[in-house]
Each structure stands twice: as structure tokens, then as C-alpha cells.
Amino acid sequence: MLKTLRQIATVGIATEPPPAADKSLRLREALQVRILAVLGRALCIREVDAGSCNGCELEIHALNNPLYNLEGLGIRFVASPRHADLLLVTGPVSKHMEVALRRTYDATPDPKLVVAVGDCGCTGGIFGESYASRGRVANVIPVDVAVPGCPPSPTRILQGILAALVRSSGQEPPSSAASDGQKNCESA
Amino acid sequence: MAPRDWWLESAGLPGAPGLRALTVSSGEWTDAAQELAARRARLMAMWASRTEYAAATVHAVFLNDSGALLLNLPVMDTDSPFPGLEQHFPCASRMQRAIADLSGVRASDSDARAWLRHNAWPPDFHPLVDPASRMTDHKAGVDVYPFVRVDGEGVHEIPVGPVHAGIIEPGHFRFSIVGEKVLRLEERFGYAHKGIERRFTELNVLEGHRLAARVSGDSAVVYSWAYCQALEGIAGIEIPKRAAWLRALYLELERIANHLGDLGALGNDAGFAFGLVQFSRLKEKLLRACNEAFGERYLMNTIVPGGTRQDLAKTDALQLQSTVQAIAKEAVVLRTIYDEHEGLRDRFTGAGIVTPELAARLGLTGLPGRASGQMFDLRVDLPCRPYTEVAVAKMGGSAGDVAARVAARFDELHESTRLIDRLLAELPAGPYRESVPLAPAGALGIGLIEGWRGPVLVALETGAGGAITRCHPHDPSWQNWPVLEHAIIGNIVPDFPLINKSFNLSYSGHDL
């Protein structure tokens with residue numbers, strides 16, 4: 001126990017400041033205002049591997065490490081699409097995952113966001129479309145933000161997630177998630 | 001009659017050291033399998049390809065102390081099954097089912113259920129043989145898979161997947177349980193099947209390493225190396241010494257990165273979040289050091305035909321060396337914490353046991369194999385350069401439980417740190433890449449490299465003008481997934497994530 005506490009004390013807080021949202025990654029504008037009104041910045045993400053090589057999953061995992069500390073931003077991964085506000089989908093979408101991806105999308109309550117991650121999620125990547133692959137995520141479900149890269153770094157993925165949350169007016173989400181959520185609920 | 005010496009009759013094959021090949025008749029195929037099994041050879045991979053002289057050729061690669069032996073079995077009539085190998089090598093079953101799905105050649109073994117094919121294409125379409133035009137009018141039907149049912153009072157099923165609760169690849173697990181206890185687990189895969197083997201045939205041999213690196217993203221180095229080893233063997237070149245050392249450096253970095261990730265996740269799955277936080281921090285440190293030295297956090301593009309994409313500057317090498325040493329030093333502290341933590345000991349010890357006998361019978365391979373007494377490691381058994389000069393110590397044990405697989409990761413982490421130290425200290429001077437001449441058409445080469453998960457094989461067949469006519473990547477997960485079904489028997493359902501993680505097998509590398 002002492003060793004554990006000593007290690008915690010020695011390491012200290014490793015978390016770094018988050019990157020700014022990259023709005024250039026956004027594909028659609030329509031939903032952001034509504035979603036932000038409901039959520040503020042307390043966001044629940046359901047990750048779906050729709051057929052990736054697992055490279056993107058490694059970098060999505062990294063978002064939970066203490067340096068990126070995703071939960072510190074009020075964003076967390078949840079175990080069911082029914083609890084999720086945002087689907088983080090990697091691809092290419094294999095034909096064998098097409099039905100599961102559609103069902104996961106349908107099970108996610110409205111309003112919802114979809115962020116496609118990785119070159120394969122964005123375009124089909126090196127695998128493309130074939131007898132077994134439907135290619136990019138947008139070929140199967142509507143996509144709001146697409147983050148290219150093979151695999152994209154955790155910073156890029158985070159920028160993409162934040163871009164999905166930025167209001168379409170171009171305003172950055174305020175740092176106080178709670179007060180923002182309250183304000184929006186009142187005005188709604 | 002004395003058993004034939006199949007190795008003696010065989011001829012050399014380009015690619016990995018110690019490779020031999022022999023074309024056999026159907027009767028010899030069965031005899032050879034029986035004799036190889038009797039002499040404790042291991043089945044490494046099976047696949048089929050099209051050949052000019054037969055309707056199809058089935059290939060099987062076996063490993064033993066003498067090296068690696070490829071048996072080629074020409075099949076004249078695809079309507080009659082070839083002799084299956086399941087009786088002698090249980091891991092053959094799923095590989096044979098995949099061959100039937102993709103190449104339309106069936107084995108005589110009893111399990112004839114589709115394996116990689118669900119409903120995306122019709123049963124009479126064989127993607128590695130038939131032209132794409134043959135499946136244009138296919139309408140996907142309902143996907144039904146006949147799982148084996150367990151009957152009895154109080155027995156019920158828990159279906160899990162293909163979308164899991166965590167950030168995991170897609171696959172389906174069907175548990176038959178009584179109370180909390182697992183009576184039977186049946187896996188079903190193929191969800192991540194994206195047509196990799198067919199995609200290879202649309203690429204040039206000088207592009208294939210990029211796809212190989214993406215067969216299983218966490219094993220990019222080992223696959224791209226195995227691919228390039230096969231290609232360089234066919235092209236008849238030897239890569240510069242410096243390139244071999246750099247490739248081994250990448251491979252050991254990949255091993256450490258994955259072990260760090262697994263050790264953190266294993267702590268977390270046993271309820272010790274501190275472990276995940278600490279190890280994921282160390283892994284991030286390593287990935288950033290890689291990014292500094294190679295311009296990539298994961299080394300997806302660093303190995304290219306003929307050598308490596310880039311050189312390593314002296315200053316970057318020193319920086320990398322000190323980062324890896326610092327990580328290893330912290331890992332020593334964390335190992336003591338893991339070892340002394342009662343909660344972890346309680347969850348790790350005795351969970352998901354695979355005895356050495358069962359491991360040998362089922363062909364458990366790679367890191368989980370070594371934790372169950374199967375002390376095989378291609379870096380030692382069939383070493384290519386630089387492992388011929390930089391000797392590796394095999395790490396393992398015989399307890400075969402989660403604790404043994406955790407210990408093997410700690411041991412390998414330190415062994416790889418030692419190797420990286422040596423590789424960097426003795427990095428030979430000279431060029432890091434050699435030009436690759438046009439590969440001759442109609443050649444077959446095989447690469448064999450021990451990745452962090454286990455032995456990886458890439459078989460490459462060339463066509464005219466640098467075309468790829470066939471490329472088969474084989475992941476050790478093919479051998480180890482079926483053993484997981486045994487490891488979980490009698491354990492409780494909540495221990496499944498922990499036991500599964502202790503194997504950490506690839507879905508994408510298996511589904512192709």
C-alpha cells in the first residue's frame with residue numbers, strides 16, 4: 001500500500017491541457033445546437049469497432065490515459081448505445097458488421113452524434129469497398145465529424161470529438177459544463 | 001516400415017531461415033500429419049491457393065526442432081474433400097472451415113459450419129477464387145449460426161457481442177452457464193472480415209507491406225516484417241545489416257508497448273484502476289518517444305521492402321534508449337506493487353488455467369503458450385538476423401493461469417528492454433535500405449517472425465510484373481482462440497474479461 005501511495009505521489013498529476021476543437025473535421029452542422037443544449041459538455045460515448053484493424057482502438061484507449069484524461073473533460077465511454085450521446089465508429093464497415101452498426105445507431109437515443117475515426121472510417125482506407133467491406137462509415141449511417149489518420153493520434157480524435165460539440169455559431173464550448181447545461185435547459 | 005523423414009525429402013524455400021517445402025499426395029499428406037504429430041511438431045498455418053496444375057492446392061506449415069516444413073497438397077476435384085488434419089492437430093478445424101469459405105475446398109473433418117462467411121456473400125461464391133461479378137445479385141439474408149446447445153436443469157445462455165461493452169474488436173461469445181459458473185463457451189468470429197486476402201491480390205508486391213501492417217494494427221511491425229521477409233526471399237536479396245537491427249528494434253518496441261497496455265488493462269480488469277493509470281502513462285511515454293524518433297506513435301509504415309523507411313539518428317537513439325530504460329525501471333516498481341497486492345493475487349492466481357498438457361494438445365502458441373510450458377519462440381528456434389547474433393532468452397512458466405501470463409509479460413518487457421539496449425549499442429553502420437529487384441513470377445516465399453502475441457506467418461505468391469497472386473497472413477490467434485474456450489470452463493462469468501485479456505487475441509488478424 002505504501003509503495004502504491006509513494007508511486008502516486010511521485011508521479012503527480014500527468015494530465016495535460018486539452019487541444020482546441022478542430023471545426024474543419026466537421027461534415028454536418030444541423031444537430032450541434034440541440035445537442036449542446038441538452039448536454040453541456042457532459043458527453044457519453046459508445047465506441048463501435050465496425051471492422052477496423054484495431055489500430056484506431058489503441059489510440060481511442062489512449063484517450064483514457066492520465067495525459068489526455070478524457071473523463072476530466074466530462075466525457076466518458078459507456079457500455080451501451082442506449083446510454084450514449086455520441087457514437088465513435090472505426091471502420092471500414094465490414095458487411096458482417098453492417099447490421100450491428102445500424103442497430104447500434106438505432107438504439108442510440110436522439111439527438112445523437114456520430115464521429116468516424118481513422119482513414120478507413122473516413123474513406124474506406126486501404127481496404128476500400130469489396131465483397132466483404134462497405135467502406136467508409138458514412139456509407140452505412142450519417143456521420144457528423146470524420147477524423148482521418150492511420151491511426152489518428154489521441155489529440156486528433158479529441159479535436160474531432162470536441163468539434164462535434166462546438167456550436168454551429170462557431171463559439172467554443174464554455175469551460176463550465178454544468179452552468180452551460182443549466183442555462184440552455186432554462187432557455188429551452 | 002520406418003516413418004519417412006519428410007524433412008529430408010523436402011527442398012528449401014525462400015523467406016525465413018530453416019524453411020523447407022514438399023508436395024505430397026493425399027495419402028502422404030495424412031501419413032505425414034500423423035508422423036509429425038507423433039514427433040510433437042506443431043501446426044502453424046493452413047491456407048489454399050489456386051495453381052495451374054490442380055483445381056487448388058492446400059498448404060500446411062509445421063514447426064519442429066528441425067525448422068519449418070510446408071506441405072503442399074494439390075486437390076484435383078474440389079467436390080471431393082481433402083483429408084482433414086483435426087484429429088492430429090485440433091487447431092486445424094477453424095483454418096479448414098475458413099479455407100472452405102474463401103477458396104471452396106472442403107476438408108473431410110466433421111464440422112462443416114461456415115466460419116468466416118456469415119451472410120455477406122452466398123455460399124457458392126468463393127472470394128479468393130471466383131471473379132467479383134459472380135456475386136452481384138446476392139441479397140443478404142438473416143444470419144443464423146447453429147451454436148452447440150448445452151441442456152440440463154438450470155443451464156442458460158448469455159450471448160455477448162459482436163458490439164461489446166468496452167472498446168474492443170467485434171466478436172460473439174456464447175456462454176452456457178449454471179449460476180455464475182461457465183459450463184461452455186463457444187466463440188463466433190468473422191465480424192471483422194474485410195476481404196484482406198483478396199485485397200492483397202489487387203496490390204503490387206512493393207505495396208503489400210502496407211496492407212500487411214494493417215492485418216492487425218497492434219502487430220504492424222511483425223506483419224510488415226514477415227511480409228518483407230517473404231518478398232526479399234523471393235527477390236533473392238539480403239537486407240543491409242543495419243536494417244535488420246532497426247527492424248528488431250521496432251519489433252521489441254512493439255512488444256513493450258503492447259505488454260505495457262496489457263499489464264495496465266489486466267490490473268484494471270481485476271479492479272485495480274491504479275495499474276491502468278500507471279501503465280497507460282508509461283505506454284504513452286513510449287509512444288511519444290517513438291513519435292520523436294520515427295515520426296509515428298505506432299510503427300505502421302517503418303518497415304519497407306529492402307530495409308526500413310528511414311535511418312535512426314544517434315541523438316534519437318540515445319533519447320529512445322533512456323526512455324525505454326526509465327520505463328523499465330518504473331515497471332520494476334509496479335511489478336512489486338502487483339506482486340504484493342492481495343486483491344490482484346486472488347484474481348490472477350488459478351484463473352483461466354491451461355495446463356501444459358492441454359496447451360501441447362491444442363497447440364497453444366506465443367506468449368500464452370510459453371506461460372503454459374510451451375517454450376517456443378521463433379527468435380530463438382528459427383532466428384533470422386539480428387537474432388542470430390543478439391540472443392534472446394525465452395520467458396515463460398508452467399502454471400498456465402492469468403498470473404503466469406502476467407508474469408510472462410513482465411519478464412518479456414525486461415528482456416526486450418535488454419535487447420533494445422544491445423541493439424542500439426551495437427547498431428551496425430551502413431545503409432538502412434537496399435533496392436528490391438523485380439520479384440520473379442510464380443514464386444512462393446514465406447516470412448516467419450515472432451511478434452508480441454506469438455509467431456506470425458506471411459505466405460506470398462508472385463505473378464508477372466510484380467503482381468501478388470496470393471498472400472496469406474496467419475495470426476497466432478487462430479491457435480489460441482479455441483484454447484480460450486477451454487481456459488474459461490469452470491471459471492465464473494465475471495472472470496471472463498480478465499482471462500480473455502490475459503490472452504489478448506486479435507479479432508482482425510483472425511477474421512482477415
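These exercises, each with a worked solution, explore a predicted model of chains A and B.

**Exercise 1. Confidence first**

Find how confident the predictor is in each chain, and locate a stretch of chain A to treat with care.

*Solution.*
- Start with the whole model, which scores ipTM 0.93 and pTM 0.93.
- Next take chain B: the average pLDDT is 94, and 98% of the residues score at least 70.
- Chain A averages 83, with 80% of the residues at 70 or above.
- Then look along chain A for the weak spot: over residues 167-188 the pLDDT is below 50. This stretch still has 26 contacts in the model beyond near neighbours in sequence.

**Exercise 2. The make-up of chain A**

Describe the order of elements in chain A and say how far apart in sequence its contacts reach.

*Solution.*
- Count the elements: chain A has seven helices and five strands.
- Read them from the N terminus, and the order is α-α-β-α-β-β-α-β-α-β-α-α.
- Now check burial. Of the 188 residues in chain A, 51% are buried.
- Finally, take the contacts with a separation of 6 or more: 83% of them link residues 24 or more positions apart.

**Exercise 3. Where the chains meet**

Which element of chain A gives the largest share of the side that touches chain B?

*Solution.*
- Begin with the totals: 40 residues of chain A are in contact with 42 residues of chain B.
- List the elements of chain A that each supply at least two residues to this side: α1 (2-11), β1 (43-49), α3 (55-62) and α4 (95-107).
- The largest share belongs to α3(A), with six residues.
- Sort the side by class, and chain A presents 20 nonpolar, 15 polar and five charged residues to chain B.

**Exercise 4. Two domains in chain B**

Work out which strand of domain 1 of chain B contributes the largest share of the side that touches domain 2, then follow that strand to its partner.

*Solution.*
- Set the bounds: the domain assignment gives domain 1 (6-116) and domain 2 (198-473).
- Their centres, taken over C-alpha atoms, are separated by 27 Å.
- Each domain brings 21 residues to the contact.
- On the domain 1 side, β3 (42-51), β4 (54-64) and β5 (67-75) each supply at least two residues, and β3(B) has the largest share, six.
- By class, that side holds 15 nonpolar residues, five polar and one charged.
- Now follow β3(B) itself, where eight of 10 residues are buried. Eight bridges join β3(B) to β4(B), and the two run antiparallel.
- A hairpin of two residues links these strands, and B:Thr51 stands opposite B:Ala54 in β4(B).

**Exercise 5. A run of antiparallel strands**

Trace the pairing from β6 through β7 to β8 in chain B.

*Solution.*
- Strand β6 (residues 155-160) is joined to β7 (residues 172-178) by six bridges, running antiparallel. Within this pair, B:Glu157 faces B:Ser176 as its opposite residue.
- From β7(B), seven bridges lead on to β8 (residues 181-188), again antiparallel. Here B:Ile177 stands opposite B:Val182.
- Inspect the turn: the hairpin of β7(B) and β8(B) has two residues between the strands, and B:Gly179 takes a positive phi near 60°.

**Exercise 6. The largest nonpolar core**

Which residues touch the most other members of the largest nonpolar core?

*Solution.*
- The core has 207 residues, and the answer is A:Val115, B:Ala226 and B:Val458.
- Helix α7 (residues 241-269) of chain B gives the most, 15 residues.
- Both domain 1 and domain 2 of chain B supply at least three residues each.
- Zoom in on B:Val458: among the residues it touches are B:Ala212, B:Tyr223, B:Ala226 and B:Cys471.

**Exercise 7. Unusual backbone**

Find where the cis peptide bonds and the positive phi values lie, and decide whether A:Asn54 is buried or exposed.

*Solution.*
- Recall the background: most residues other than glycine have a negative phi, and most peptide bonds are trans.
- One cis bond joins A:Asp110 and A:Pro111, with omega about -10°; A:Pro111 lies in the loop between α4 and β4 (113-117) of chain A.
- Another joins B:Arg385 and B:Pro386, with omega about 5°. B:Pro386 sits in the loop between α13 (378-381) and α14 (402-425) of chain B.
- A:Asn54 has a positive phi of about 85° and lies in the loop between β1 and α3 of chain A. A:Asn54 counts as buried because it has 23 C-beta neighbours inside 10 Å.
- B:Leu512 has a phi near 55°, in the segment after α17 (508-511) of chain B. With 24 other C-beta atoms within 10 Å, B:Leu512 is buried.

Terms used
Residues numbered from 1 in each chain as written. Chains lettered and ligands numbered in written order. Predicted model: local features only at pLDDT ≥ 70, side-chain atom pairs only at ≥ 80, totals over all residues. Contact = placed C-beta atoms within 7 Å. Helix = DSSP H or I, 4+ residues; strand = E, 2+ residues; numbered from the N terminus. Nonpolar A, V, L, I, M, F, W, Y, C, P; charged D, E, K, R; others polar. Pairing = 2+ DSSP bridges. Core = buried A, V, L, I, M, F, W, Y, C linked by C-beta atoms within 7 Å. Buried ≥ 20, exposed ≤ 12 C-beta atoms within 10 Å, placed from the backbone. Domains from an automatic or database assignment. pLDDT = per-residue confidence, 0-100. Lists of a residue's contacts leave out its neighbours within four places in sequence.
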